[in-house]
Amino acid sequence: MLLTQFLLLAAILFSIGVYGVIVRKNGVLVLMSVELMLNAVNINLIAFSTYHGLGGQVFALFVIAVAAAEVGVGLAIVLLIYRNRRSVDIDQLDELKG
Amino acid sequence: MNAQLISLFAAETFEVPANIAFSIIAIFMVIAAIRVVTTDNVVHAALWLMVVLGGVGLNFLLLQAEFLAMTQFLIYLGAIIVLFLFGVMLTRAPLGRSDDLDNKQRPIGIVVGLLVLGLVSYSVIKTFGSDKLDFSAYDGSQAVAGNNRTEALSDAIFSQYLIPFEVISVLLLAALIGAIVIARRD
Amino acid sequence: MWFLTHAWIIPALMALSFLLILFFGKKMPKKGSEIGIAAIGIAFILALLTAGSWYTHNNEEVEGHGDAAAMADVQEGCSNEVDHLAAEDHGEETEDAGDHEGEEPTDVGDSDEGTDDHALGQSDSGEYAAPAATSTAVASEGEEEHVTRPVVRCAAWAEIGTPGSSLITWGTMVDGQSVLMLVVVTLISLMVFIYSSEYVSGDRRYTHYFAFLSLFSASMLFFVLAQSTIQMIVGWELVGVCSFVLIGHWWEEKPNSNAALKAFLTNRVGDIGLLIGVAILYFAAGRSFSILDLNILAANGGISHGILLVASVCLIFAVMSKSGQFILHTWLPDAMAGPTPVSALIHAATMVVAGIYMVARLYPVFFEGLSISGSSVNFLAIVGAVTAMFGALLAFVQKDIKKVLAYSTISQLGFMVTALGVGAWTAALFHLFTHAMFKATLFLGAGSLSNAAHHSFDMVNDMGGMRKVLPRTFWTFIVATAALAGIFPLSGFWSKDEILAGHGSLFSAGGNGTYHVMLVMLLIGAFCTAAYMTRTIWYAFYGEFRGHGTPHESGSRITVPLIILATLGAVVGVLNLPEEIGPFTFPESISLQFEHFVEPVGAYFPTISHAEFNIPLAIFSLALALSAVLLTYLYYWKGAFKFLHGLSERNRVAGLGKTILVNKYYFDWLYTDVITGFVKGPAARATNWFNQHVLDGIVDGTAKGAVVAGQFVYENIDQKVVDGAVNGAAITTSEAGGVLRHLQTGRIQQYAALFFAAAALLAGVFVVAIG
């Protein structure tokens with residue numbers, strides 16, 4: 001097996017995640033796309049760790065932990081948005097408009 | 001897949017069963033990932049995401065990281081997907097089809113996605129070309145007999161990476177409390 | 001010695017009791033309370049035996065040389081510094097023996113280092129020690145006095161980095177300070193367990209209540225015996241969790257669960273400070289969590305002053321949350337939502353003193369970091385003094401008797417923190433000790449009162465006249481109040497006075513600095529303490545009964561603990577009698593026993609100077625307390641007289657009604673207003689005068705000059721040169737902004753798209769340019 005094939009798979013997943021973050025309107029779906037990107041990174045970490053020892057695996061574990069934290073807080077925020085606006089449509093959140 | 005990639009698969013380092021497995025998994029993962037960002041049903045998106053995450057776990061197995069694979073299955077498939085389904089349920093997202101899940105930026109999204117993909121694949125192929133995976137680094141640095149990498153991994157976490165590990169655990173706790181405080185109803 | 005090396009049994013016993021109650025409690029005839037009481041009883045006996053063992057151990061003649069001999073009871077591997085010290089001492093010792101061959105050629109260091117063999121002891125061994133001892137501040141004077149020899153046992157927990165470089169250990173560190181806390185915690189816990197078996201009988205979660213009470217005692221005991229800072233954090237958090245569970249014991253009611261959450265979250269805020277402080281100290285001490293290491297290094301200049309300062313400020317935040325100091329004190333009054341015995345246990349005697357204990361345990365860090373010696377102000381002392389004063393003022397406005405006690409606790413903790421801040425270490429721990437006794441009495445007394453008043457704590461509306469129906473509660477409450485107010489000769493007088501004297505040279509010598517401002521604040525606090533406690537007694541025990549039903553004295557399982565605690569609260573002051581009070585001199589065998597028992601002397605503790613008993617200050621503070629009691633008494637007596645007259649009239653006409661309650665609240669308000677007005681008025685007027693006459697004159701003069709100069713600059717430079725440039729720039733910016741604002745749509749995802757595109761393009765440039 002080649003290193004490149006895993007890296008390319010990760011790149012594809014990451015790009016799909018980027019697309020999802022940009023295009024999806026529903027807050028929960030945006031979070032799912034973020035998960036895609038995080039997992040792509042994890043594949044990279046593991047693939048490279050075959051060269052560099054176990055550090056990559058340890059940090060992949062940390063990424064999983066951080067991802068769990070991120071989903072928890074992210075969903076709480078989405079829930080709060082839903083409670084305040086009766087919708088999780090990110091398009092409507094344009095208070096930053098200049 | 002472009003021509004160069006096909007030529008890579010045809011290289012003489014081809015390990016047939018592993019590569020067949022990888023190809024099947026990769027195809028499923030890419031299809032599922034595309035469905036996650038294109039499907040018009042929120043619950044389906046979560047289920048497709050499950051396929052992708054499972055595929056990632058299988059990839060970990062192919063890369064001989066069994067502990068990570070198990071963690072991936074337990075945490076992602078077990079916990080995070082359930083969390084997403086709860087999120088879907090609590091925000092009363094439309095459970096059936098709905099044609100209102102995407103905004104008007106689809107062309108921009110496609111362009112940016114392809115841009116990122118093109119850049120990353122170009123540099124990956126250019127840098128690593130046809131490097132073969134070798135798993136010697138796993139065993140070399142940790143001096144573990146046999147295939148007991150989980151033991152080596154736990155040693156690494158609790159000695160060399162102990163402080164990052166503690167920091168992560170504090171972070172998790174903080175996130176837990178933060179999530180409770182944010183989502184509390186009052 | 002056996003008890004000192006096996007101190008871990010005490011917390012382990014309580015943890016076992018927790019598990020037993022949890023699993024088998026419901027099947028027991030008394031629903032588990034008997035397991036808890038038996039366990040804490042045994043623990044208390046063990047603690048007493050440990051204390052006795054420590055007493056003999058501490059008074060033994062020490063054999064050998066300076067610090068290394070003092071640390072002979074530290075197990076190898078528990079503390080790098082001690083191992084280092086022992087090795088160094090050993091090396092120099094043999095050399096030394098070679099040099100002085102003529103005197104005594106015996107190789108003392110080798111043969112009797114580990115043993116307690118007195119036969120080999122030499123009269124001049126002390127002189128050997130001086131060169132052998134490392135650069136400790138106490139080395140020279142420590143030879144004649146005794147040196148404290150902590151008993152440390154530990155086990156490896158985990159290893160960081162390469163083998164042998166950094167070991168995380170856990171174990172027990174037993175010295176006077178931890179033995180004192182063992183006794184206090186087990187004693188108060190025992191009383192609370194017995195009291196609770198009647199107080200919460202019939203509760204829906206009776207078994208769980210006792211289980212968590214056991215776990216709480218276990219955590220606190222684990223905390224006080226901690227050998228490493230990591231273990232300290234674990235104990236600290238366990239105590240927090242148990243208090244969360246116990247405060248929210250009746251979680252079905254919203255305010256209770258809110259109070260529990262508030263307590264927990266507020267404590268988490270402070271815990272961040274603890275984590276950061278411990279992490280800093282870990283690296284500063286060369287990767288060691290051992291408390292002994294930290295203390296030795298901090299006390300002897302092994303860690304730089306700046307690092308100690310940062311670490312101690314971080315740790316003070318932890319103290320603020322755990323010990324209810326301003327500004328993180330707000331959870332403590334709310335935490336009164338828990339059952340009353342829990343309040344007595346957690347919020348008066350044990351948990352909240354965890355912060356005090358932590359500071360006392362890591363005292364060299366604070367002492368050196370905050371430069372306590374020879375200074376006149378520092379962060380710790382300010383926090384404590386502000387808390388002591390404002391906590392006492394807040395106690396005036398409370399209607400709920402437990403809230404009065406809560407604010408009183410906050411204020412008394414402020415006393416202890418101030419004492420630590422000014423260097424009166426022993427005074428702080430002594431006050432902790434006496435305060436535990438009488439504050440527990442007060443809380444348990446309040447519980448007994450509410451038992452009589454149909455589970456209400458509202459002393460203004462539901463109590464009154466209780467002294468006739470609750471004589472035992474009344475007398476114990478009176479004794480504890482007098483002790484809290486610092487009336488001679490009860491325990492509070494001695495400990496409070498030691499704190500006040502520790503502030504330094506106002507009337508006499510001694511003390512570590514000149515903390516006059518803090519002294520004044522504490523005196524105000526002491527005055528208020530006496531006053532609000534008298535008010536509480538008036539409301540709860542005098543006047544007519546204002547509740548409903550017939551109040552009755554509580555049963556013996558409630559009153560016996562009260563009587564024991566009140567007696568102790570009255571007499572424990574004699575444990576630390578000063579050496580001399582004016583013409584009277586106490587023999588050495590009875591004076592300063594507490595100090596001798598608790599305060600470490602040696603390499604792991606800074607040299608602090610002890611204030612002597614200060615007669616003018618003692619008389620002044622006693623007079624202050626007595627006058628506060630007298631004034632409050634007179635005020636309420638007059639008020640009460642009129643009020644009772646009105647009450648009887650209204651009682652004939654309309655009975656007890658809301659008007660009366662409103663009236664009472666009005667008195668309350670008036671009282672608060674008078675007191676705070678008295679405090680604030682003169683100070684505010686003086687400031688105002690200074691402002692009007694002095695500052696204004698200066699400002700006016702300057703302003704007139706400035707106006708003339710300003711006019712000139714304005715007409716010639718500002719209008720013509722600067723404004724032109726500024727206006728031009730502003731117009732350009734405004735137009736550019738008008739164009740650019742269309743880009744800012746407020747859609748986050750558009751930003752995300754731009755961000756990713758830009759990042760990809762930039763990375764692409766790098767790839768092309770570099771690769």
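**Chain A and its two interfaces**

Across the interface of chain A and chain C, 2 residue pairs are in polar contact, with both residues at pLDDT 80 or more. On the chain A side of that interface, helix 1 (3-23) and helix 2 (27-52) each supply at least two residues. Helix 1 of chain A gives the most to the side that touches chain C, namely 5 residues. By class, the chain A residues touching chain C are 10 nonpolar, 1 polar and 5 charged.

I should say now that this is a predicted model. Everything I quote is computed from that predicted model.

To finish with chain A and chain C: the contact involves 16 residues of chain A and 11 residues of chain C. The two chains bury about 1100 Å² between them, and carbon and sulfur atoms account for 59% of that area. How many salt bridges does the rule find across the interface of chain A and chain C? The count there is 0.

Next, chain A on its own. Its secondary structure consists of 3 helices and 0 strands, so the order of elements from the N terminus reads α-α-α. Chain A has 98 residues, and 70% of them count as buried. Taking contacts in chain A with a separation of 6 or more, 54% are between residues 24 or more positions apart. The area that chain A exposes is about 2800 Å², with 69% of it supplied by carbon and sulfur atoms.

Now the interface of chain B and chain A. Here 90 residues of chain B and 69 residues of chain A are in contact. The area buried between chain B and chain A is about 7200 Å², and 76% of it comes from carbon and sulfur atoms. Which residues in chain B lose the most area to chain A? They are Val37(B), Phe84(B) and Leu133(B), which together make up 9% of what the chain B side buries.

On the polar side of the ledger, the rule finds 13 residue pairs in polar contact across the interface of chain B and chain A, again with both residues at pLDDT 80 or more. The chain B elements that give two or more residues to the side touching chain A are helix 1 (3-9), helix 2 (16-38), helix 3 (42-62), helix 4 (66-90), helix 5 (106-128), helix 6 (136-142), helix 7 (149-158) and helix 8 (162-183). The chain B side divides into 60 nonpolar, 19 polar and 11 charged residues.

Between chain B and chain A there is 1 salt bridge. In that salt bridge the side chain of Asp102(B) meets the side chain of Arg24(A), with an N to O distance of 2.6 Å.

That brings me to charge pairs generally. Side chains of opposite charge can pair when their charged atoms come close. Over all chains, the whole structure has 9 salt bridges. I will go through some of them.

In chain C, Glu252(C) pairs with Arg205(C), the closest N and O atoms being 3.1 Å apart. What does this pair link? It links distant parts of the chain, 47 residues apart: Glu252(C) is in the loop between helix 11 (229-247) and helix 12 (254-284), and Arg205(C) is in the loop between helix 9 (176-199) and helix 10 (206-224). Is each partner buried or partly exposed? Glu252(C) has a relative accessible area of 42% and is therefore partly exposed, whereas Arg205(C), with 18%, is buried.

Also in chain C, the side chains of Arg268(C) and Asp271(C) form a salt bridge, 3.7 Å from N to O. These two residues are 3 apart in helix 12 of chain C, so about one helical turn separates them. Arg268(C) is buried, with a relative accessible area of 14%, and Asp271(C) is buried too, with 1% relative accessibility.

Back at the interface of chain B and chain A, salt bridges with shared partners join Arg24(A), Asp102(B) and Arg106(B) into one network. Asp102(B) and Arg106(B) form a salt bridge in which the closest N and O atoms are 2.6 Å apart. Asp102(B) counts as buried because its relative accessibility is 15%, under the 20% cut-off. Arg106(B), at 42% relative accessibility, counts as partly exposed. Asp102(B) also meets Arg24(A) in the salt bridge I mentioned before.

Terms used. Residues numbered from 1 in each chain as written. Chains lettered and ligands numbered in written order. Heavy atoms only, no water. Contact = heavy atoms within 4.5 Å. Buried area = accessible area lost by both parts, 1.4 Å probe. Salt bridge = Lys/Arg side-chain N within 4 Å of Asp/Glu carboxyl O. Polar contact = N/O pair within 3.5 Å; in protein donor to acceptor, adjacent residues only side chain to side chain. Helix = DSSP H or I, 4+ residues; strand = E, 2+ residues; numbered from the N terminus. Nonpolar A, V, L, I, M, F, W, Y, C, P; charged D, E, K, R; others polar. Buried < 20%, exposed > 50% of the residue type's maximum accessible area, 1.4 Å probe, protein only. Areas by Shrake-Rupley, 256 points an atom, 1.4 Å probe, with all protein chains shown as cover.
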